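Please look through the sequence and the model below before reading on. The paragraphs that follow lead from a single residue outwards to the whole chain.

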Amino acid sequence: MSLSKRLAYRFVSELSLIAGSLVLAAAILSLKHVAFFPDMRWMMGSQLSGHVLITSIVGIVSGAMMIIGGIMVYAQPLHIRKWGIVIWFFSSLSFFGIGGFIAGGMLGIIAGFLAVTKGITFFGSKYKLTKK
């Protein structure tokens, strides 16, 4: 596939990478908080002591899958809709975790929507991608 056709969905890929990085960064910061305060019952109560660990794990998985989805949108533009659904799903799932400072989840939903609808391109025109 030529480079000009591969760059057609570059915006969706970059948006997904930014969103996944935000979600992953927020989850790692939350996990560092768990490592710094291993016994958080004094701060959150006994019911929510393990909640931060679970939301951190959900955030790490969501962020990693959003980054992988963004890379695959750029690497395999013929399967952009499939990877757009993956980005969309894990962006929605990230709100059950940390959410990437809210902005990461919202950017991921926008990137997934653009990928599923075959997105806008870098210059505003659409390319028809075909196998060669």
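Leaving aside its neighbours within four places in sequence, which residues is Ser62 in contact with? The model is predicted, so to speak, by computation rather than by experiment, and local features are therefore described only at pLDDT of at least 70, side-chain atom pairs only at pLDDT 80 or more, while totals for chains, interfaces and linings use all residues. Residues are numbered from 1 along each chain as its sequence is written, and side-chain values use heavy atoms, with hydrogens and water left out.

Ser62 is in contact with Val23, Phe90, Leu93 and Ser94, where contact means heavy atoms within 4.5 Å. Ser62 belongs to helix 4; helices here are DSSP runs of H or I with at least four residues, strands are runs of E with at least two, and both are numbered from the N terminus. With a relative accessible area of 0%, Ser62 is buried, a word that stands for under 20% relative accessible area, whereas exposed stands for over 50% and partly exposed for values in between (1.4 Å probe, protein chains only).

One of the residues that Ser62 touches is Ser94, which is placed in helix 5, residues 80–94. Ser94 is also buried, again with a relative accessible area of 0%. If residues up to four places away in sequence are not counted, Ser94 touches Val23, Ser62, Gly99 and Gly105, and Val23 is thus found in the list for Ser94 and in the list for Ser62.

From these two serines we can turn to the nonpolar interior. A nonpolar core is a set of buried Ala, Val, Leu, Ile, Met, Phe, Trp, Tyr and Cys residues joined through side-chain atoms within 4.5 Å. The largest one has ten residues, namely Tyr9, Val12, Leu15, Val73, Ile80, Trp83, Ile87, Ala111, Leu114 and Ala115. Two or more residues of this core come from each of helix 2 (10–36), helix 5 and helix 6 (103–116).

Helix 5 and helix 6 return when we look at the aromatic rings. The structure holds two aromatic pairs, where rings of Phe, Tyr and Trp (its six-membered ring) pair if their centres lie within 6.5 Å, and where planes under 30 degrees apart count as stacked, over 60 as edge-to-face and the rest as tilted. In one pair the ring centres of Trp88 and Phe113 are 6.3 Å apart and the planes stand at 75°, so this pair is edge-to-face. The pair links distant parts of the chain, because Trp88 is in helix 5 and Phe113 is in helix 6, 25 residues apart. Both partners are partly exposed, Trp88 at 33% relative accessibility and Phe113 at 44%. Phe89 and Phe90 form an edge-to-face pair as well, with 5.1 Å from centre to centre and 80° between the planes. Within this pair Phe89 counts as exposed, at 51% relative accessibility, whereas Phe90 is buried, with a relative accessible area of 15%. Phe89 lies in helix 5, and its C-alpha atom is separated by 8.2 Å from that of Gly112, 23 residues apart along the chain.

What joins these two helices along the sequence deserves a look too. Phe101 lies in the loop between helix 5 and helix 6, and so does Ile102. Most residues other than glycine have a negative phi. Phe101, however, has a positive phi of about 60°, and the phi of Ile102 is near 65°, also a positive value. Ile102 is exposed, with a relative accessible area of 51%.

On the outside, Leu31, Leu53, Ile57 and Val61 make a nonpolar surface patch of about 310 Å². Patches are made of residues with over 30% relative accessible area and no salt bridge, with like charges joined within 9 Å and nonpolar side chains (Val, Leu, Ile, Met, Phe, Trp, Tyr) within 5 Å; a salt bridge is a side-chain nitrogen of Lys or Arg within 4 Å of a carboxyl oxygen of Asp or Glu. Helix 4 (residues 51–75) gives the most to the patch, with three residues. Leu53 is found in helix 4 and is partly exposed, with a relative accessible area of 39%.

Finally, consider the chain as a whole. There are six helices and zero strands, and read along the sequence the pattern is α-α-α-α-α-α. Of the 132 residues, 34% are buried. Among contacts with a separation of 6 or more, 76% are between residues 24 or more positions apart. The accessible surface comes to about 7600 Å², of which 72% belongs to carbon and sulfur atoms; such areas come from the Shrake-Rupley method with a 1.4 Å probe, and for residues only the protein chains shown count as cover.
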